[in-house]
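Subject: Structure handover

Hello,

I am passing on the structure we spoke about. My notes on what was found in it follow below.

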Amino acid sequence: MGLERTLSIIKPDATKKNVIGKILSRFEEAGLKLIAVSMKTLSPEEAGEFYAVHRARPFYGELVDYMTTGPVVISVLEGHDAIATNRKLMGATDPKKADKGTIRADFAESINANAVHGSDSAENAANEIKFFFPELSR
Ligand code: CMP
């Protein structure tokens with residue numbers, strides 16, 4: 001894989017814990033470049049639309065509610081194999097199953113409050129980047 005872009009969200013549990021800088025540093029130390037960053041509190045509509053791919057899943061409502069409980073930091077990361085590199089840095093979705101030294105093992109609380117989101121495929125990365133940073137997709 002060559003140069004790629006992926007979308008990252010630092011979730012409300014991690015912004016509340018004051019570890020935004022620590023998490024962004026991990027991306028940079030792994031060679032990923034921050035090409036866009038935005039901090040905001042998502043509306044229920046935004047969170048619901050962002051996670052629309054999970055609409056049929058039993059956890060959808062709880063996930064959307066959770067994502068609106070505080071500010072999040074949304075960024076676009078660019079680098080070699082960015083999607084897989086970011087997923088490796090994050091660790092497993094469930095922090096109890098995340099490898100030692102990963103962002104979720106070190107900072108996450110639970111499966112919804114799992115510190116970070118990262119795009120899981122090239123197709124979702126393109127859609128997610130377009131959703132939050134349409135100016136990058138022109
Ligand atoms: P994220 O990477 O943000 O993408 C979808 C989110 O759904 C996931 O991280 C979790 O926070 C949340 N979620 C809650 N329950 C589950 C589950 N059983 N399986 C996968 N994701 C879940």
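How many nonpolar, polar and charged residues does the shell around the ligand have, by class? The shell has four nonpolar, five polar and two charged residues. Please keep in mind throughout that this is a predicted model.

**The ligand site**

The residues that surround the ligand are K11, Y51, H54, F59, L63, T93, R104, I111, N112, N114 and H117. The two charged residues of the shell are K11 and R104, since Lys and Arg count as charged. The space that the ligand takes up is the largest pocket.

Three side chains have a polar atom for which a distance to a ligand oxygen is available. For K11, an N or O atom of the side chain is 2.8 Å from an oxygen atom of the ligand. For H117, a polar side-chain atom lies 3.0 Å from a ligand oxygen. For R104, the distance between a side-chain N or O atom and an oxygen atom of the ligand is 3.4 Å. On its own, the ligand has 460 Å² of accessible area, and the protein covers 79% of that.

**Two residues with positive phi**

Which residues other than glycine have a positive phi? D81 is one of them, with a phi of about 55°, and A115 is another, with a phi near 70°.

D81 sits in the loop that runs between strand 3 (72–80) and helix 5 (82–90). The relative accessible area of D81 is 25%, so this residue is partly exposed; the buried class ends at 20% and the exposed class begins over 50%.

A115 is in the loop between helix 6 (103–107) and strand 4 (116–118). Is A115 buried or exposed? A115 is buried, because its relative accessible area is 0%, and buried means under 20%.

**A122**

A122 belongs to helix 7, which covers residues 122–132. With a relative accessibility of 49%, A122 counts as partly exposed, because the exposed class requires over 50%. In sequence, A122 is 92 residues away from A30, and the C-alpha to C-alpha distance between A122 and A30 is 19 Å.

If you open the model, the ligand contacts of K11, H117 and R104 could be looked at together, followed by the loops that hold D81 and A115.

Regards

Notes
Residues are numbered from 1 along each chain as its sequence is written. This is a predicted model: local features need pLDDT of at least 70, side-chain atom pairs count only at pLDDT 80 or more; totals for chains, interfaces and linings use all residues. Side-chain values use heavy atoms; hydrogens and water are left out. Helices (H or I, at least four residues) and strands (E, at least two) are DSSP runs, numbered from the N terminus. Buried means under 20% relative accessible area, exposed over 50%, partly exposed in between (1.4 Å probe, protein chains only). A residue is near a molecule or strand if one of its heavy atoms lies within 4 Å of it. A polar contact is a pair of N or O atoms within 3.5 Å; within protein, one must be able to donate a hydrogen and the other to accept it, and residues adjacent in sequence count only if both atoms are side-chain atoms. Accessible areas come from the Shrake-Rupley method with a 1.4 Å probe; for residues, only the protein chains shown count as cover. On a 1 Å grid over the protein atoms alone, a cavity is a set of points where a 1.4 Å probe fits but cannot get out, and a pocket is an open set with protein on both sides within 12 Å along at least five of seven lines; lining residues have an atom within 4 Å of a point. A molecule sits in a cavity or pocket if more than half of its atoms lie within 2 Å of its grid points.
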